[in-house]
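Student: Could you take me through one part of this model up close? I'd like a connected account rather than a list.

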Amino acid sequence: MPAWLSEGLALFFDGGTKFWHRTTGQAKHDYLPLTTRHADLTSLSAADARAAYRHSYEVSRALLAQYGLVRVRLLLERLSHTPDFSSAFEAVMGERFAEFQRQWMAEQDRKGF
């Protein structure tokens, strides 16, 4: 499972205040394409890690909102048998991951993320 999905779901389901909400004066931070987040997020600089965890949370929240918990759970199950994330995503969600990512990034730009 990609690190961004694992961490994003963990942050979503923990229910607590997210650490980036406690940061004052946070400037808009450029986000990386989701495909670059498969590596260990803890190896990033503090600012990049804060942005990566926030983005991981936001995209996980978007996945749950768009597809629901049952389909996200099916995606996780599929990933245990199909290590290629894009293939697993398309098989479960019926949409190319690149298209979901494009739409998500456009929405973030619209919000001024």
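**A close look at helix α3**

Tutor: Let's go with α3, and keep in mind that the model is predicted. Just after this helix, Gly94 takes a positive phi of about 70°. The helix itself covers residues 85–93, and its buried residues are Phe85, Ala88, Phe89, Val92 and Met93. Looking down the axis of α3, you find these buried residues within an arc of 105°, so they line one face of the helix. What does that face pack against? The buried residues of α3 pack against α1 (3–14), α2 (46–79) and α4 (97–111).

For context, the chain has four helices and zero strands, in the order α-α-α-α along the sequence. Of its 113 residues, 37% count as buried. Among the contacts with a separation of 6 or more, 67% are between residues 24 or more positions apart.

Now the two phenylalanines of α3. Phe85 counts as buried because its relative accessibility is 5%, with the cut-off at under 20%. Phe89 is buried too, at a relative accessible area of 0%. Phe85 and Phe89 are four residues apart in helix α3, so about one helical turn separates them.

Both also turn up in the largest nonpolar core, which has 19 residues; Leu5, Leu63, Leu75, Phe85 and Phe89 are those with the most contacts inside it. The elements giving two or more residues to this core are α1, α2, α3 and α4, and the largest share, seven residues, comes from α2. As a general background point, nonpolar side chains in soluble globular proteins tend to be buried together.

On to the rings. A search of the whole structure finds 11 aromatic pairs. One of them makes a handy reference: Phe12 and Phe13 have ring centres 5.0 Å apart and planes at 85°, so that pair is edge-to-face. Phe85 and Phe89, on the other hand, form a tilted pair, with 5.9 Å centre to centre and 40° between the planes. The surroundings of the reference pair are worth a look as well: Phe12 counts as partly exposed at 29% relative accessibility, while Phe13 counts as exposed at 51%.

Where do the α3 rings lead? Ring pairs link Phe85 and Phe89 with Trp4, Tyr67, Phe97 and Phe100 into a cluster. To tie it up, α3 has its buried residues on one face, and two of them, Phe85 and Phe89, belong both to the core and to that ring cluster.

Terms used. Residues are numbered from 1 along each chain as its sequence is written. This is a predicted model: local features need pLDDT of at least 70, side-chain atom pairs count only at pLDDT 80 or more; totals for chains, interfaces and linings use all residues. Side-chain values use heavy atoms; hydrogens and water are left out. Buried means under 20% relative accessible area, exposed over 50%, partly exposed in between (1.4 Å probe, protein chains only). The arc is that of the directions from the helix axis to the C-beta atoms. Contact means heavy atoms within 4.5 Å. A nonpolar core is a set of buried Ala, Val, Leu, Ile, Met, Phe, Trp, Tyr and Cys residues joined through side-chain atoms within 4.5 Å. Rings of Phe, Tyr and Trp (its six-membered ring) pair if their centres lie within 6.5 Å; planes under 30 degrees apart count as stacked, over 60 as edge-to-face and the rest as tilted.
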